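Q: I should like to learn how packing and side-chain interactions are read from a model. Could we take the features one at a time?

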Amino acid sequence: NALLHQKSQKMLLARINPIISGLIKEAVEQGVCSTDYPDEMVEMIMIYSNQAFDDLADISEEERIKKVFGFIYNVERLLCVEEGSLQRVILPIFQK
């Protein structure tokens, strides 16, 4: 089961990362955000989010909310965008 999970994560990263990296690179070119390492940033975000949000059943609602807002805050820092600017985009992903 763990091996299947690991393989599916690796496949997800291989397929999704280039798409998201392309979007980030386009946003950088348009001046919407800033990063010198878009591919690496996307990989870090994907790996962290996959691990951190894989099993939220074992934590309280308060902890889940704190984790989600912390995630959004840190993604905003990585992209050098205004605090709160990504909440509208990212928050719906985590809503039940």
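**Reading side-chain interactions**

A: Let us begin with a salt bridge: the side chains of Asp-39 and Lys-25 meet in one, with 3.2 Å from N to O. The two partners belong to distant parts of the chain, since Asp-39 lies in helix α2 and Lys-25 in helix α1, 14 residues apart. Please keep in mind that this is a predicted model.

Q: How exposed are the two partners, Asp-39 and Lys-25?

A: Relative accessible area answers this; a residue counts as partly exposed between 20% and 50%. Asp-39 has a value of 35% and is therefore partly exposed. Lys-25 is likewise partly exposed, at 35%.

Q: How many salt bridges does a search of the whole structure find?

A: The search finds 3. Another of them joins the side chains of Arg-64 and Glu-61, at 2.8 Å from N to O. Both of these residues lie in helix α3, 3 residues apart, which is about one turn of the helix. Arg-64 counts as buried at 12% relative accessibility, whereas Glu-61, at 36%, is partly exposed.

Q: Which residue forms a salt bridge with Glu-76?

A: The partner is Arg-77, and the closest N and O atoms are 4.0 Å apart. The distance cut-off for a salt bridge is 4 Å. Glu-76 is buried, with 2% relative accessibility, while Arg-77 is partly exposed at 31%.

Q: Over the face of which ring does Arg-77 lie?

A: A charged group may also be read against an aromatic ring. Here Arg-77 lies over the face of Tyr-73, at 4.5 Å from the ring centre. Arg-77 thus appears twice in this reading: in the salt bridge with Glu-76 and over the ring of Tyr-73.

Q: How many aromatic pairs are there?

A: For ring pairs, one reads the distance between centres together with the angle between planes. The count comes to 5 aromatic pairs. Among them, Tyr-48 and Phe-71 form a stacked pair, 6.1 Å centre to centre with 15 degrees between the planes. This pair links distant parts of the chain: Tyr-48 is in helix α2 and Phe-71 in helix α3, 23 residues apart. Tyr-48 is partly exposed at 42%, but Phe-71 is buried at 10%. A further pair, Phe-53 with Phe-94, is tilted, at 4.5 Å centre to centre and 50 degrees between the planes. Phe-53 lies in the loop between α2 and α3 and Phe-94 in helix α4, 41 residues apart. Phe-53 is buried at 13%, as is Phe-94 at 17%.

Q: Which residues do the ring pairs link into a cluster?

A: The cluster consists of Tyr-48, Phe-53, Phe-71 and Phe-94.

Q: How should the nonpolar core be read, and which members touch the most others?

A: In soluble globular proteins, nonpolar side chains tend to be buried together. The largest nonpolar core of this model has 18 residues, of which Phe-71, Val-75, Leu-79, Leu-86 and Ile-90 touch the most other members. At least two residues of this core come from each of α1 (2-29), α2 (38-52), α3 (61-79) and α4 (87-94).

Q: With which residues is Val-75 in contact, leaving aside its neighbours within four places in sequence?

A: Val-75 is then in contact with Ile-45, Leu-86 and Ile-90. Two of these partners, Leu-86 and Ile-90, were named above with Val-75 among the core residues that touch the most other members.

Terms used: Residues numbered from 1 in each chain as written. Predicted model: local features only at pLDDT ≥ 70, side-chain atom pairs only at ≥ 80, totals over all residues. Heavy atoms only, no water. Core = buried A, V, L, I, M, F, W, Y, C linked by side-chain atoms within 4.5 Å. Buried < 20%, exposed > 50% of the residue type's maximum accessible area, 1.4 Å probe, protein only. Helix = DSSP H or I, 4+ residues; strand = E, 2+ residues; numbered from the N terminus. Contact = heavy atoms within 4.5 Å. Phe/Tyr/Trp six-rings, centres within 6.5 Å; stacked < 30°, edge-to-face > 60°. Lys NZ or Arg CZ within 6 Å of the ring centre and 35° of its normal.
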